[in-house]
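Biologist: I am new to this one and would like to go through it with you. Could you show me the structure, and then we can talk about how the chains meet?

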Amino acid sequence: MSPFEIQFAATILKVVFCLVLSLHVPALMVWIERRQCAMIQRRVGPNRVGFFQFRLMGLGQSLADVIKLLFKEDTPPAAAHKFYYWLGPIITAGIGLSAFAIIPFGNFVLVAGEQIQLQGINLNAGFLYLLAISSLGVYGITLAGWASNSKYTLLGGMRASAQMISYEIAMGISLIPIVFIYGTLDLNTIVQAQTGYMFGVIPAWGIFKAPVSFVIFLITMYAETNRLPFDLAESESELVAGFHTEHGSMRFALFFLGEYVMMFVLAAFVATLFFGGYEIPYFPQTEMVAQLTPMLGQSMALWAAAIIGFHVLIVKIGFFMLLYVQVRWTFPRFRYDQLMKVGWVYLIPISLINVAVSAIIFAIIKSI
Amino acid sequence: MDLTTLSFLILGCLTVILSVTLITRRSPVAAAVSLVGAFVCLAAMYGLLEAHFAAVIQIIVYAGAIMVVFVFVIMLLNLPPEELRFGRLTPGEGLIALVGVIAAVALTTKVTDGALQVVSSNLPSGIARPPYYADSENLKNVAALLFTDYLWAFEVVSFLILVAIIGAIVIAKKRGRHVKPS
């Protein structure tokens, strides 16, 4: 097998892996969300649906939900614009599923002498790909809301897309200091650059170097995925179900899937940029491989380190997903004008000032 | 037929089909969505040319921001497709169509030995300039060029956009004042 063939096959396998991983997330998140919500509301939540005789704490609930949604009757409104009604959920789900490919889940492994980077795709444009993905995700919601040919859905769709494009700006601007600090858009390089130490003790994570960026990004992250406190788009008490009111059964499931997968990808993004990604704080991958090589040989040591790194990343992502759920069931939602005000009047100027201050600090540090 | 050529053929055909859809649909939403699709295909072709930054920026700016505004306006106006039926070509449209055909022919063919032949590129070659970072990626070179050789153009374009924004706000405000109830 020539190097090109190995890399090609590896890329296909990695991308399929990212796809399958992304697909598993909503299944687990449904259960987590419902149990956590119940815990916060001092009740129990679904804990009965298991497999065969075992309750399994209600983990089978997700499977039961999917089966129910698959068998439900699909009721498109008679006056709907058929093609876009069909296209909306597809864009949302498809765009979300293709986003995880850029997140590095390990350093590299050796296959037949070829170094295979554990990142689905490696673009020059790095994490701008994720910004592009969220830009395209707006279409799913807009088209779905309009195509259902109903006032509620149109309003919900317009509000959601206006919100998403407003917060995209703050999101993008807040990431500029990260580019100053790491000098690259490539996520793998950024993760590797976080293995050092600041002042000898604190791990050189992005959050310690760009805290304001982290806060702004966290806020815009919630707005991008239409999660509380920014979920005016599908606020249950206001707009029935917003833009996906008329989308039943599996179409709704696809929206749900797209939303959870976007949450997953953005949580992974935060973990990668600000919390060191797949690296353990005081025990970098290079040291791990060096310690494992005498026992396992270099190739197996790399694989073991990759598996450990992947699980570290999953733990970090899990923290942020849990944070998503906790925030959803804790805060009340913003009114729409408040939401727009926060996005335009507060977040964008703060992120611009952040860029200016970071640039000055960076220039000072560089000239020392 | 290697993968690059195959991808380019597929993407090229998709772009042409979407562009034809864009100009032949009667529903404006269909036209807008086909245009978005065409931009995404274009971005993919930029990616094939290893211009990853241009590809991503094309999606973020063009397909993800400008076209969203188009789609918003079209959806809020909600014109039924019947109102947009086109009749015969007016003389102006006929002239434009003729110019288009001449341009297409001029860009793709060349007169060699007294006969018209299709060539792959009729654009002047030799615009290549040595990259600032010879062994480095596309993004670094684009950034270097943008902030040194083309800095003036960059700043003028951003100023133009600012003028457009101010113009839009002024127009919107003026219209709002007329609509106010007495």
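Modeller: Happy to! Keep in mind that this is a predicted model. Where the two chains meet, 24 residues of chain B are in contact with 22 residues of chain A.

Biologist: What makes those residues count as in contact?

Modeller: They have heavy atoms within 4.5 Å of the other chain, and therefore they are in contact.

Biologist: How much area do chain B and chain A bury between them?

Modeller: About 2100 Å², with 79% of it on carbon and sulfur atoms. On the side of chain B that touches chain A, helices H2 (28–48), H3 (52–77) and H5 (138–147) of chain B each give two or more residues. The largest share, 14 residues, comes from H3(B). By class, that side has 19 nonpolar, 4 polar and 1 charged residues.

Biologist: How many salt bridges does the rule find across the interface of chain B and chain A?

Modeller: The rule finds 0 salt bridges there. It does find 3 residue pairs in polar contact, both residues being at pLDDT 80 or more.

Biologist: And empty space: how many cavities of 30 Å³ or more does the count come to?

Modeller: The count comes to 1 cavity, with a volume of about 220 Å³.

Biologist: Why is this called a cavity?

Modeller: Because a 1.4 Å probe fits there but cannot get out, the space is a cavity. Among its 20 lining residues, the closest to the centre are A:Thr92, A:Ile141, A:Met164, A:Glu259 and A:Met262. H10(A) gives the largest share of the lining, 6 residues. By class, the lining has 9 nonpolar, 8 polar and 3 charged residues.

Definitions and conventions:
Residues are numbered from 1 along each chain as its sequence is written. Chains are lettered from A and ligands numbered from 1 in the order in which they are written. This is a predicted model: local features need pLDDT of at least 70, side-chain atom pairs count only at pLDDT 80 or more; totals for chains, interfaces and linings use all residues. Side-chain values use heavy atoms; hydrogens and water are left out. Buried area is the accessible area (1.4 Å probe) that two parts lose on being put together, summed over both. A salt bridge is a side-chain nitrogen of Lys or Arg within 4 Å of a carboxyl oxygen of Asp or Glu. A polar contact is a pair of N or O atoms within 3.5 Å; within protein, one must be able to donate a hydrogen and the other to accept it, and residues adjacent in sequence count only if both atoms are side-chain atoms. Helices (H or I, at least four residues) and strands (E, at least two) are DSSP runs, numbered from the N terminus. Ala, Val, Leu, Ile, Met, Phe, Trp, Tyr, Cys and Pro count as nonpolar, Asp, Glu, Lys and Arg as charged, and the others, Gly among them, as polar. On a 1 Å grid over the protein atoms alone, a cavity is a set of points where a 1.4 Å probe fits but cannot get out, and a pocket is an open set with protein on both sides within 12 Å along at least five of seven lines; lining residues have an atom within 4 Å of a point. Grid points are joined across faces, edges and corners, and a volume is the space filled by probe spheres set on the points.
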